[in-house]
Amino acid sequence: MPTIGKPERTSKRELVSTHVFDAPRELVWKAWTNPKLIPRWWGPRKYTTVVEKMDVRPGGTWRFVQRDAEGNEYGFHGEYREVVPFERIVETFEFEGMPGHVLTESAVFEEIRGKTKVTQKSVFATVEDLEGMLASGMEEGARETIERFAELVEEPKKSDARPKKEQARGRAQKNELVITRIFDAPPERVWKALTDPREMKLWWGPKGFTAPFISVDLRVGGVFRYCMRSPEGKDYWGTGVYREIVPGRRIVYTDSFADEKGNVVPATYYGMGADLPLEMLVTLTFEKEKGQTKVTLHHAGMPAGPDLEGATQGWNEMFDKLVKHLQA
């Protein structure tokens with residue numbers, strides 16, 4: 001379990017906090033400095049974060065944009081002053097909504113018996129700037145950020161601890177996610193649950209998500225549209241076109257992120273990696289096995305990395321919900 005320290009005021013213009021993560025220093029450093037991982041932990045959960053620039057070297061600059069559920073955007077930027085790989089990073093920080101109020105942040109990384117101690121220091125330009133930050137409630141947002149970071153860097157340990165049977169539920173080959181699940185229901189029942197929008201709305205989406213909108217035009221060339229709503233109320237829209245339909249046996253459709261109107265958008269629209277393609281391909285096959293149904297999912301086009309890991313978790317959580325739906 002991580003130890004997340006509360007910021008302490010060590011002088012009139014300085015706050016210091018110390019955290020201990022159950023992960024090696026190299027992994028913690030990578031998560032802290034890799035632009036592809038930043039959207040997974042930077043900022044409170046109610047926002048999505050897009051990395052517009054992140055040049056981690058002395059003199060390099062960074063800029064992140066956060067977006068709330070209403071589409072409002074908030075920009076942050078700074079410059080890296082010092083970078084010592086795996087040991088120390090110093091940068092400036094400026095919220096673009098309050099230009100001119102620049103603070104200097106540093107993080108020191110120490111490995112202690114396989115864990116990593118991170119000491120953060122924030123030096124404000126004035127006493128008033130520090131007081132304003134404390135009064136604004138940003139301290140709570142900073143804590144949530146560190147909690148999300150801890151979840152990210154400690155994921156590998158949780159994954160390793162899963163039973164081998166669970167680990168085998170998803171694998172990636174050549175930018176393809178493959179998941180096989182056995183459902184205790186005949187193929188015609190599972191097929192209906194996966195193609196009838198009235199049923200899909202009852203289980204579609206990862207754990208904690210709901211599906212306020214699903215539209216299915218189940219024919220070759222027909223369009224599939226859906227909206228998944230997170231526990232925080234953020235909507236994620238997707239769309240696709242059916243390429244192949246063999247009733248009771250096989251479905252193939254394209255898969256893309258979309259806006260509310262159904263227009264295809266890049267993954268960065270939702271704060272995900274820029275290397276995700278605009279269009280991927282999902283194939284579902286159904287096989288009867290002693291009164292049960294084996295469903296094999298192929299999600300092709302997704303590059304290896306955090307987004308693939310997230311998709312694996314998301315699909316498995318969806319299928320877990322489908323199991324309960326079929327048992328109801």
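This report walks through some charged pairs and one aromatic residue in the structure above.

The model is a predicted one. Let's begin with the charges. Side chains of opposite charge can pair when their charged atoms come close. That happens quite a bit here, as the structure holds 22 salt bridges. Here are some of them, with their N to O distances.

| Acidic residue | Basic residue | N to O distance |
|---|---|---|
| Glu 309 | Arg 40 | 3.7 Å |
| Glu 147 | Arg 143 | 3.4 Å |
| Asp 235 | Arg 229 | 2.6 Å |

Take the pair of Arg 40 and Glu 309, whose side chains meet in a salt bridge. Arg 40 sits in the loop that runs between helix H1 (25–33) and strand S4 (48–54), while Glu 309 belongs to helix H8 (residues 306–327), so this pair ties together parts that are 269 residues apart in sequence. How exposed are the two partners? Arg 40 has 25% relative accessibility, so it counts as partly exposed. Glu 309 is also partly exposed, with a value of 47%.

Now for Glu 147 and Arg 143, another salt bridge. Where do these two sit? Both are in helix H3 (residues 138–153), and because they are four residues apart there, about one helical turn separates them. Glu 147 is partly exposed, at 28% relative accessible area, and Arg 143 is partly exposed as well, at 35%.

Then there's the bridge between Asp 235 and Arg 229, with 2.6 Å from N to O. Asp 235 has a relative accessible area of 24%, which makes it partly exposed. For Arg 229 the figure is 33%, again partly exposed.

Salt bridges can also join up into a group. Which residues are linked in a network here? They are Arg 189, Lys 192, Asp 196, Arg 198 and Glu 199.

Let's leave the charges and turn to Phe 224. You'll find Phe 224 in strand S13 (residues 223–229). Is Phe 224 buried or exposed? With just 2% relative accessibility, it counts as buried, because the cut-off for that is under 20%.

What does Phe 224 touch? Leaving aside residues up to four places away in sequence, its contacts include Met 200, Trp 204, Ile 214 and Val 216. Two tyrosines, Tyr 242 and Tyr 253, are among them too, and so are Gly 238, Thr 239 and Gly 240. Ser 215 is another residue that Phe 224 touches.

One last distance gives a sense of scale. Phe 224 and Arg 63 are 161 residues apart along the chain, and their C-alpha atoms are separated by 35 Å.

Definitions and conventions:
Residues are numbered from 1 along each chain as its sequence is written. This is a predicted model: local features need pLDDT of at least 70, side-chain atom pairs count only at pLDDT 80 or more; totals for chains, interfaces and linings use all residues. Side-chain values use heavy atoms; hydrogens and water are left out. A salt bridge is a side-chain nitrogen of Lys or Arg within 4 Å of a carboxyl oxygen of Asp or Glu. Helices (H or I, at least four residues) and strands (E, at least two) are DSSP runs, numbered from the N terminus. Buried means under 20% relative accessible area, exposed over 50%, partly exposed in between (1.4 Å probe, protein chains only). Contact means heavy atoms within 4.5 Å.
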